[in-house]
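Colleague: Could we take a close look at a single part of this protein, namely its pockets, and go through what lines them step by step?

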Amino acid sequence: TKITDGDSIHVVSDGQLMRIRLAFIDCPEKKQSQGLEAKFELSSLISDEIVTLHIYDVDRYGRKISEIFYNGDSVNLHLVKNGFCYVYRKYAKEKYDFHDAEAYAMNLRLGVHAYSDSVKPWIWRRKH
């Protein structure tokens, strides 16, 4: 129902509003370079669509940590492979497909990997 930013959404399931945090990834914040691009890409993929969630956990803010699938494909993985976000290594240690997708985006210098001075969102948040 709502795309908050590149890695957070609201969905309705069985009449209940759920806040979702995309698992294994960290997109730039809206005020960062590439932040709005990540939000728009996520919106273009899933706005007004029926998606499937694989819920892994609940974070300290009550959001469900989820991998989102649309037409059988991982939206989270798509965002990584196309350079809209980083793999959140702290939470994706054994998600080798995500690491491979990030290496692909880095090699092609896509999105967040296009500039050597890009600041990873978890570092940016500590400063702001």
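Modeller: What follows goes through the pockets one after the other, beginning with the largest. Please keep in mind that the model is predicted, and that the values given here are computed from it. The largest pocket holds about 680 Å³ of space, and 23 residues line it, of which Arg21, Asp59, Arg63, Tyr88 and Tyr91 are the closest to its centre. If you then trace the lining back to the elements of the chain, you will find that strand 3 (16-22), strand 4 (25-26), strand 5 (52-58) and helix 4 (121-127) each supply at least two residues, and that strand 5 gives the most, with 3 residues. Sorted by class, the lining of the largest pocket has 11 nonpolar residues, 11 charged residues and 1 polar residue.

The second largest pocket can be read in a similar order. About 320 Å³ of space lies in the second largest pocket, and among the 15 residues that line it, Thr1, His10, Val11, Ile46 and Glu49 are the closest to its centre. Two or more residues of this lining come from each of strand 1 (2-5) and strand 2 (8-13), with strand 2 giving the most, namely 5 residues. By class, the lining of the second largest pocket divides into 8 nonpolar, 4 polar and 3 charged residues. When you turn to the structure yourself, you could begin with strand 5 for the largest pocket and with strand 2 for the second largest pocket, since each gives the most to its lining.

Key: Residues numbered from 1 in each chain as written. Predicted model: local features only at pLDDT ≥ 70, side-chain atom pairs only at ≥ 80, totals over all residues. Heavy atoms only, no water. 1 Å grid on protein atoms, 1.4 Å probe; cavity = no way out; pocket = protein on both sides within 12 Å on 5 of 7 lines; lining within 4 Å. Points joined across faces, edges and corners; volume = space filled by probe spheres on them. Helix = DSSP H or I, 4+ residues; strand = E, 2+ residues; numbered from the N terminus. Nonpolar A, V, L, I, M, F, W, Y, C, P; charged D, E, K, R; others polar.
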